[in-house]
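Let's take a walk through this structure together, one stretch at a time. Keep the sequence at hand and follow along in the 3D view.

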Amino acid sequence: MDAEVEIIRLLKSEAAGYVSGQALSTALGVSRTAVWKHIKNLRSMGYAITASPSKGYVLIRPLGAGAQDAFNRVEVSSILTTDIIGRKIFFYPETGSTNTRAFELGRRGEPEGAAVIADRQTAGKGRLGRKWASPPGVNFYTSVILRPKIPPEQAQRFALLMAVAAAEAVSGFSPKRVCVKWPNDILIDSKKVAGILMEMDAEPDRVNFIVAGVGVNINMTAADMPEEIRAVATSIREKSGKETPRAEFARALYSAMEKWYKVFLAEGFVPVVKAWRGYFDAEGRTVKVTAFDRVITGVCAGIDESGALLLRTPAGGLEKIISGDVETVRSL
Ligand code: BTN
């Protein structure tokens with residue numbers, strides 16, 4: 001148990017306001033002096049907690065209320081409702097890439113569900129060697145360690161699982177329909193709102209761990225976006241017209257990840273692929289796919305059970321694409 005997370009949970013849940021030092025010390029199983037030290041730490045993080053000798057402690061206002069959204073390890077952990085995803089949070093005001101950090105932590109043996117979050121990435125990584133714009137104060141950048149018992153060739157399907165989770169989470173905050181672009185871009189009105197980068201540590205016959213990196217444009221405005229992505233990117237704020245507290249988004253995303261991970265553990269990939277198809281709107285359209293050094297154009301015939309993209313080519317054949325980038329999609 002994380003004492004500071006527990007204190008914030010208890011203070012937030014107390015409708016009457018004050019919680020006595022004794023009640024906190026009993027609930028946490030630590031001395032009242034230890035409670036006092038934790039309160040001091042929380043204050044230094046920005047929480048306005050008032051102490052009264054006769055009544056105890058009260059949280060005057062949640063961190064960030066009326067100001068920009070509260071976003072730190074305690075705030076995120078205190079509102080999570082998951083058992084696995086986010087059970088341990090490594091929060092950084094700034095890091096190179098949360099994926100790189102999670103990979104190091106995975107190698108060090110951190111458990112399944114451990115999650116890295118950063119307010120800002122200085123070297124955010126996208127798919128196919130691209131960069132991921134990661135300005136501070138506005139978006140959600142996270143990487144989660146998972147240890148499924150699967151062979152490496154199934155890891156790719158995990159990207160679909162993460163796409164379903166991310167699409168479901170974004171849908172909860174977007175008034176507009178959320179779609180997936182194969183394999184795992186999340187779009188609103190054909191513009192990218194979130195992306196997923198999966199990396200894995202594996203031996204030929206088994207995966208040691210997977211790092212599922214998810215970047216979601218939450219409160220970023222066009223002005224915050226680098227010029228080169230302005231025409232193709234959007235954010236939840238651009239679509240909803242309001243700011244979303246990032247801790248709330250974290251709760252939604254981790255809950256959706258956990259839900260779909262448990263579905264996969266119980267039933268395999270079939271329901272995951274089915275859910276993914278529900279967000280996919282390119283079937284029957286002409287698409288152009290760049291796969292390594294090949295460019296293939298054809299009519300999209302959906303995805304197969306392994307998650308590969310199926311293209312019906314002008315010559316009448318059916319191409320199965322396991323990796324690549326859907327460059328353009330236009331209606332027939
Ligand atoms: C893509 O669509 O190209 C994938 C983007 C993935 C971005 C996220 S942000 C959190 C995590 N850390 C990274 O460096 N990349 C992923």
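## A guided tour

Threonine 26 counts as exposed, because its relative accessibility is 56% and exposed means over 50%. Before we go on, please keep in mind that this is a predicted model. You will find threonine 26 in helix α2, which covers residues 21-28. From its C-alpha atom to that of lysine 176 the separation is 47 Å, and the two residues are 150 apart along the chain.

Step back now to the beginning of the chain, where helix α1 spans residues 3-13. Its N-terminal end is capped by aspartate 2: a side-chain oxygen of aspartate 2 sits 3.1 Å from the backbone nitrogen of glutamate 4. Which residues of helix α1 are buried? They are Ala3, Glu4, Val5, Glu6, Ile7, Ile8 and Leu11. Glutamate 4 thus appears twice in this part of the tour, as the partner of the cap and as one of the buried residues of α1.

Our next stop is strand β4, made of residues 115-118. In a regular strand, side chains alternate between the two faces of the sheet. In β4, Ala115 and Ile117 point one way, while Val116 and Ala118 point the other way. Are these four buried or exposed? All are buried.

Strand β4 has a partner in β3 (residues 89-92), and the two pair in the parallel sense over four bridges. To find the pairing in your viewer, look for isoleucine 89, which stands opposite alanine 115 in β4. Between these strands the chain passes through helix α5 (residues 98-107), and this β-α-β crossover from β3 to β4 is right-handed. Strand β4 is also joined by four bridges to β5 (residues 140-146), and here the strands run antiparallel. Valine 116 is a handy marker for this pairing, as it stands opposite serine 143 in β5.

Now for the ligand. How many residues surround the ligand? There are 20, and the closest are Ser97, Gln121, Lys125, Arg127 and Lys192. Some of the contacts are easy to pick out. The side chain of threonine 98 has an N or O atom 3.0 Å from a nitrogen atom of the ligand. For the side chain of glutamine 121, an N or O atom is 2.9 Å from a ligand nitrogen. Lysine 125 takes part through its backbone: an N or O atom there lies 2.7 Å from an oxygen atom of the ligand. On its own the ligand has 420 Å² of accessible area, and the protein covers 98% of that.

Which elements give two or more residues to the shell around the ligand? They are α5, β5, β8 (191-203) and β9 (206-216). Of these, β8 gives the most, with four residues. Sorted by character, the residues of the shell divide into five nonpolar, 11 polar and four charged. You have already met α5 as the helix in the crossover from β3 to β4, and β5 as an antiparallel partner of β4.

Further along, strands β6 and β7 form a hairpin with three residues between them. They pair in the antiparallel sense over four bridges, with cysteine 179 opposite leucine 187 in β7. Both faces of β6 are covered: Val178 and Val180 are buried on one side, and Cys179 and Lys181 are buried on the other. The loop between β6 (178-181) and β7 (185-188) contains proline 183. Take a look at the peptide bond joining tryptophan 182 to proline 183, for this bond is cis, with omega at about 0°.

Two loop residues deserve a glance for their backbone angles. Serine 190, in the loop between β7 and β8, has a phi near 65°, a positive value in a residue other than glycine. Serine 190 is exposed, because its relative accessible area is 66%. Phenylalanine 292, in the loop between β10 (286-291) and β11 (294-303), also is not a glycine and has a positive phi, of about 55°. Phenylalanine 292 counts as exposed because its relative accessibility is 71%.

For a last stop, visit isoleucine 236 in helix α7 (residues 236-240). Isoleucine 236 counts as buried because its relative accessibility is 0%. Its C-alpha is 24 Å from that of phenylalanine 90, with the two positions 146 residues apart in sequence numbering.

Note on methods. Residues numbered from 1 in each chain as written. Predicted model: local features only at pLDDT ≥ 70, side-chain atom pairs only at ≥ 80, totals over all residues. Heavy atoms only, no water. Buried < 20%, exposed > 50% of the residue type's maximum accessible area, 1.4 Å probe, protein only. Pairing = 2+ DSSP bridges. Right-handed = clockwise from strand over helix to strand, strands pointing away. Near = heavy atom within 4 Å. Polar contact = N/O pair within 3.5 Å; in protein donor to acceptor, adjacent residues only side chain to side chain. Areas by Shrake-Rupley, 256 points an atom, 1.4 Å probe, with all protein chains shown as cover. Nonpolar A, V, L, I, M, F, W, Y, C, P; charged D, E, K, R; others polar.
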